[in-house]
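Open the model in a viewer and keep the selection panel at hand. The tour below goes from one selection to the next and says what is there.

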Amino acid sequence: MTAVSSRDLPHPAREDIRLESVLHALSDPMRLRIVRELAADRDELSCSHFDLPVTKSTTTHHFRVLREAGVIRQTYRGTAKMNGLRRDDLDDLFPGLVDALLVAAARQSARLQGG
């Protein structure tokens with residue numbers, strides 16, 4: 001992982017993304033929530049878009065874990081840090097994993113909400 005400038009964030013290359021890192025990153029409910037929102041929107045979203053019930057520093061930590069695992073790509077657009085799901089990379093490396101996780105997370109959410 002290398003960063004080119006102070007505004008560039010380090011990301012693992014596709015070939016360096018590991019299943020155990022992805023699964024660990026997605027094991028946290030807040031990080032899974034971030035990924036679900038990114039998958040639903042299918043576009044980049046700024047960090048400020050996410051209304052998580054945790055502190056700003058904890059939110060920053062969650063984004064860092066997702067980025068370092070190779071689940072999301074973060075880039076600066078002006079002063080905003082934009083986040084995008086690395087869907088192509090994940091689907092290429094682990095076919096069906098993202099879809100299965102999203103379906104399972106939606107079913108769990110519905111079950112926990114009583115519907």
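Which residues line the largest cavity? Select Leu26, Leu32, Val35, Leu90, Val98, Leu101 and Leu102, and the lining of the largest cavity is on screen. Bear in mind that this is a predicted model.

**The cavity**

The space enclosed by this selection has a volume of about 40 Å³. The structure holds one cavity of 30 Å³ or more. Colour the lining by class: seven residues are nonpolar, with no polar and no charged residues in the set. Now show the helices α2 and α5, each of which supplies at least two residues of the cavity lining. The largest share comes from α5, with three residues.

**The whole chain**

Clear the selection and switch to a cartoon view. The protein chain has five helices and three strands. Followed from the N terminus, the elements run in the order α-α-β-α-β-β-α-α. The radius of gyration is 14 Å, close to the 13 Å that the globule rule gives for 115 residues, so the chain is as compact as a globular protein of that length. Turn the C-alpha trace to view the principal axes, along which the trace spans about 45 × 30 × 20 Å.

Next, colour by burial. Of the 115 residues in the chain, 37% are buried. Contacts can be sorted by distance along the sequence: among those with a separation of 6 or more, 62% join residues 24 or more positions apart.

**The nonpolar core**

In soluble globular proteins, nonpolar side chains tend to be buried together. Here, select Val22, Leu66, Val71, Leu85 and Leu90, the residues with the most contacts inside the largest nonpolar core, which has 26 residues. Helices α1 (19–26), α2, α3 and α5 each supply at least two residues of this core. The largest share is from α2, with six residues.

Keep Val22 selected and hide the rest of the core. Which residues does Val22 touch, leaving aside those up to four places away in sequence? Show Ile17, Ala69, Val71, Leu90, Phe94 and Leu97, and the contacts of Val22 are there. Val71 and Leu90 are already familiar from the core selection, and Leu90 also appeared in the lining of the cavity.

**The largest pocket**

Move on to the open spaces. The largest pocket holds about 310 Å³ of space. To find its centre, select Cys47, Ser48, Lys56, Thr59 and Thr60, which lie nearest that point among the 16 lining residues. Then add α3 (56–69), β2 (72–77) and β3 (80–85), the elements that give two or more residues to this lining. The most come from α3, with six residues. Coloured by class, the lining shows six nonpolar, six polar and four charged residues.

**The second largest pocket**

For the last stop, select Leu26, Ser27, Asp28, Pro29, Met30, Leu32, Arg33, Arg36, Ala105, Gln108, Ser109 and Leu112. These residues line the second largest pocket, which has a volume of about 190 Å³. Which elements each supply at least two residues of this lining? They are α2 (29–41) and α5 (97–112), and α2 gives the most, with five residues. The lining divides into six nonpolar, three polar and three charged residues. Leu26 and Leu32 belong to this selection and also to the lining of the largest cavity, where the tour began.

Definitions and conventions:
Residues numbered from 1 in each chain as written. Predicted model: local features only at pLDDT ≥ 70, side-chain atom pairs only at ≥ 80, totals over all residues. Heavy atoms only, no water. 1 Å grid on protein atoms, 1.4 Å probe; cavity = no way out; pocket = protein on both sides within 12 Å on 5 of 7 lines; lining within 4 Å. Points joined across faces, edges and corners; volume = space filled by probe spheres on them. Helix = DSSP H or I, 4+ residues; strand = E, 2+ residues; numbered from the N terminus. Nonpolar A, V, L, I, M, F, W, Y, C, P; charged D, E, K, R; others polar. Core = buried A, V, L, I, M, F, W, Y, C linked by side-chain atoms within 4.5 Å. Buried < 20%, exposed > 50% of the residue type's maximum accessible area, 1.4 Å probe, protein only. Contact = heavy atoms within 4.5 Å. Rg over C-alpha atoms; globule rule 2.2 N^0.38 Å.
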